[in-house]
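I opened the notebook to look up how the pieces of this chain are held against each other. Helix packing comes up before the cysteine links.

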Amino acid sequence: MINNLQSKKNHLGQAMVEMIVVMFVTLLILFAIIHFGFIYNAKTVLNYATHEAARAGSLNYGSPRAIRYALARGLAALTTSSSGVSDYDRYQQSQTAAIDLIEADEFVCIQRISPDFSSQHWLPDPNATSDYNNYIPNDHLVYRSAVLKGGVSIQDANLLKIRVTYCHKIITPIIGTTIKRLMLQTFADNDPDPIDGWTVPTTGSFTKNCYENDRTPIESQAIIRMQTPIRDYTFASDCS
């Protein structure tokens with residue numbers, strides 16, 4: 001009888017341990033699914049915001065300010081506000097918060113992929129200011145020379161392509177810590193049995209800052225034809 005009671009207690013203890021392990025894995029999978037839903041929504045919003053930013057840039061000489069403000073209008077959906085007497089007031093506050101986030105250059109990085117600064121189509125701009133020196137003509141493209149310069153035609157040089165990297169805040173429990181440890185490889189420094197010849201993957205300062213602040217970097221690109229002469233404004237050179 002005593003042996004049977006002891007065996008029953010052992011089985012109950014084993015079942016409890018197994019339940020704890022299974023529950024942790026189940027919760028991790030559940031939170032991961034929820035987190036994926038948040039990321040998918042943020043990616044959809046970012047795609048739209050990036051397209052609007054590229055469109056604003058095409059209409060405003062590729063101006064970073066125009067791109068930033070258009071991007072903020074799109075990202076306002078991800079920066080909610082509970083204060084305000086009307087929906088319009090809440091939207092205005094969300095847009096202001098998005099602008100502040102972009103202007104901080106900490107969790108949002110905008111790159112101009114095309115045309116790049118090495119393009120041979122840049123010409124001195126007689127109306128240049130301290131913000132730019134050169135421009136690429138946009139008028140009468142049909143009648144301009146079709147000779148390639150640096151492998152790019154004048155038509156392709158008038159394609160504005162931007163890349164936006166946005167660090168979306170992680171609000172799902174457990175997932176933030178898990179992603180941070182996996183991506184930053186903080187546990188590798190104290191690994192008691194390291195793999196021979198294996199080195200910790202390196203991340204850029206921007207991406208590293210995202211993970212350290214419990215954020216996930218999301219990237220989106222947009223390309224659109226310029227409607228105005230593009231100017232050589234300065235953009236971020238690295239968002240890694």
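**Entry 1: a helix pair**

I started with helix 5 and helix 6, whose crossing is left-handed. I note that the model is a predicted one. Next I looked up the geometry. General reminder to myself: a packed helix pair is described by an angle between the axes and a distance between them. For helix 5 (residues 175-184) and helix 6, the angle is about 150 degrees and the axes lie 9 Å apart. The cut-off for roughly antiparallel is over 145 degrees, so helix 5 and helix 6 count as roughly antiparallel to each other.

Which residues make the contact of helix 5 with helix 6? From helix 5 I listed Ile179, Lys180, Met183 and Leu184. From helix 6 I listed Lys208, Tyr211 and Glu212. I then sorted the contact by class. Four residues are nonpolar and three are charged. No polar residue takes part.

**Entry 2: the disulfide in helix 6**

I stayed with helix 6 and turned to its cysteine. Cys210 is joined to Cys167 by a disulfide, with an S to S distance of 1.6 Å. Cys167 sits in strand 4 (residues 159-169), and Cys210 sits in helix 6 (residues 205-212). The pair therefore ties together parts that are 43 residues apart in sequence.

Is Cys167 buried or exposed? I found 0% relative accessibility for Cys167, so Cys167 counts as buried. I checked the partner too. Cys210 also comes out at 0% and counts as buried.

**Entry 3: the other link**

How many disulfides does the structure hold? I found two. Besides the link just noted, a disulfide joins Cys109 to Cys239, with S to S at 1.8 Å. This pair links distant parts of the chain, 130 residues apart. Cys109 is in strand 1 (residues 108-114). Cys239 is in the segment after strand 6 (230-231).

I looked up the handedness of this link as well. The value about the S-S bond is -70 degrees, and the link of Cys109 and Cys239 is left-handed.

Then I checked burial, where the cut-off is under 20% relative accessible area. Cys109 has 7%, so Cys109 is buried. Cys239 has 8% and counts as buried.

**Entry 4: pairing order**

Last, I looked up the connectivity. What is the pairing when the bonded cysteines are numbered in sequence order? I wrote down 1-4, 2-3 for the protein chain.

Definitions and conventions:
Residues are numbered from 1 along each chain as its sequence is written. This is a predicted model: local features need pLDDT of at least 70, side-chain atom pairs count only at pLDDT 80 or more; totals for chains, interfaces and linings use all residues. Side-chain values use heavy atoms; hydrogens and water are left out. A disulfide is a pair of cysteine sulfur atoms within 2.5 Å. Helices (H or I, at least four residues) and strands (E, at least two) are DSSP runs, numbered from the N terminus. Buried means under 20% relative accessible area, exposed over 50%, partly exposed in between (1.4 Å probe, protein chains only). Axes are lines fitted to C-alpha atoms, for helices over the stretch in contact, and angles run from 0 to 180 degrees between N-to-C directions. Angles under 35 degrees count as roughly parallel, over 145 as roughly antiparallel, 65 to 115 as roughly perpendicular and the rest as oblique. A crossing is left-handed if the near helix is turned anticlockwise from the far one by less than a right angle, and right-handed if clockwise. Contact means heavy atoms within 4.5 Å. Ala, Val, Leu, Ile, Met, Phe, Trp, Tyr, Cys and Pro count as nonpolar, Asp, Glu, Lys and Arg as charged, and the others, Gly among them, as polar.
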